[in-house]
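Open the model in your viewer and keep the selection panel at hand. The tour goes from one selection to the next.

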Amino acid sequence: MVNGYTPKTLQEAVEIRARESVIPYAGGTDIMVQQKNNAPYLFLNKLEELKEIKDDGEYIRIGAAVTFTQAIENELVPQLMKESVSRIAAPAIRNAGTFGGNLGNSSDKADSVLAEFAMDARVRLVSEKEERVIPVEEFFVKRGENTLQDDELIAEILLPKDKCEKPYYYKKVGGRNALAISRIALAGVYEVKNGVVADFSAAVIGGAAKFQRFKEIEEAIIGKPVDQIRANPDEYVKMYAEKLVFTRGRVSAEYRRTVSTNLIKDYLATLE
Ligand SMILES: Cc1cc2nc3c(=O)[nH]c(=O)nc-3n(C[C@H](O)[C@H](O)[C@H](O)COP(=O)(O)OP(=O)(O)OC[C@H]3O[C@@H](n4cnc5c(N)ncnc54)[C@H](O)[C@@H]3O)c2cc1C
């Protein structure tokens, strides 16, 4: 029998988390393939409070135990997020895998986290004593490292509504169409008003142990007429090429460099 606790409320869950060393367990799709220590599991999949998707006027709030399938089928979830998670693995994984688990596992190839970076998402963390809401880039430090405290649980992901409503760019390049972990992926949110770029973000998977986003380049693009960007995209592509960090993994750093900068160029060409 699996050793663990099945709390009925979030309050009960954080009380257990405060008094004992437990492993939060949502869909189990990462945990089941990893070696973990022998601590008991804290099963989160019965917590209705973590399974809701809500609109509070300012944010679309996705509960940590919401599965990818549930999000794809929900009309509140923005298209960029749906597109990012609809290519995760195969249906069985999407039916079980959750947003909290994708963040908690802290892979630098986590597809929902890439969209969260592009959208300036925030993460709500709760413990028995308090709760805090922090930007996703403060939560995710690098591959396998995040700022979750031992007594905390991820409760919700908050997507700013103004970002949810804007046009977006998303492309994932994997080894094959299904069951492919992202080798390189680019997600961005933008807005063009009267021919001028009013908003622009670009988050990249696939070159380093973390998601790469460069606010200084985004600021250089915001405020520029799109005609000017289209006439000379290489000026901005070069800025990205100089900043992006590429390492060798299953594919070469050179391959990552070429594909990432091609995606940036393609993204700039779609601005209108
Ligand atoms: C065959 C296969 C293919 C995959 N393909 C992809 C892919 O294409 N893209 C992708 O991004 N991922 C992929 N994954 C990884 C995995 O499915 C995702 O990371 C998924 O989101 C994990 O969610 P889960 O609910 O199953 O997490 P779990 O396995 O339950 O937990 C993962 C980690 O998060 C912690 N955790 C879970 N919930 C919370 C919480 N509320 N608070 C604090 N900590 C928590 C757990 O303790 C654990 O450390 C794949 C996995 C498999 C097995």
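Begin with an open sheet of three strands, which pair in parallel in the order 1-3-2. Strands, of at least two residues (E), and helices, of at least four (H or I), are DSSP runs numbered from the N terminus; two strands pair if DSSP finds at least two bridges between them. Strand 1 (4–5) and strand 2 (23–25) are the edges, and each has a single partner strand, so one side of each has no neighbour in the sheet. Strands of a sheet pair through backbone hydrogen bonds, either parallel or antiparallel.

This is a predicted model, in which local features need pLDDT of at least 70 and side-chain atom pairs count only at pLDDT 80 or more, while totals for chains, interfaces and linings use all residues. Residues are numbered from 1 along each chain as its sequence is written, and side-chain values use heavy atoms, with hydrogens and water left out.

Now select residues 41–43, which are strand 3; two bridges join this strand to strand 1 in the parallel sense. Show Gly4 as well: its bridge partner in strand 3 is Tyr41.

Next, select residues 10–19. This is helix 1, which lies across strand 1, strand 2 and strand 3 and runs at about 170° to strand 3. Contact here means heavy atoms within 4.5 Å; axes are lines fitted to C-alpha atoms, for helices over the stretch in contact, and angles run from 0 to 180 degrees between N-to-C directions.

Keep helix 1 selected and add strand 6 and strand 10. Helix 1 lies across both of these strands too, at about 125° to strand 10. Strand 10 belongs to an open sheet of five strands, paired antiparallel in the order 4-5-10-6-7. Strand 4 (53–55) and strand 7 (131–135) are its edge strands, each pairing on one side only. From one strand to the next, the twist averages 20°. Within this sheet, strand 6 (residues 122–126) pairs with strand 10 in the antiparallel sense over five bridges. To see one position there, pick Val123, which stands opposite Ile157 in strand 10.

Turn now to the ligand. Which residues are closest to the ligand? Of the 33 residues that surround it (a heavy atom within 4 Å), the closest are Pro24, Thr29, Asp30, Thr98 and Asp111. For polar contacts (pairs of N or O atoms within 3.5 Å), start at Pro24: a backbone N or O atom of this residue is 2.6 Å from a ligand oxygen atom. In the side chain of Asn102, an N or O atom is 2.9 Å from an oxygen atom of the ligand.

Strand 2, helix 4 (91–96), helix 5 (99–105) and strand 10 (153–160) are the elements that give two or more residues to the shell around the ligand. Helix 5 gives the most, with five residues.

Last, select strand 12 (residues 184–193) and strand 13 (residues 196–200), which run antiparallel and are joined by four bridges. Tyr190 stands opposite Phe200 in strand 13. The two strands form a hairpin with two residues between them, and Asn194 in the turn has a positive phi of about 50°.

How values were computed. A polar contact is a pair of N or O atoms within 3.5 Å; within protein, one must be able to donate a hydrogen and the other to accept it, and residues adjacent in sequence count only if both atoms are side-chain atoms.
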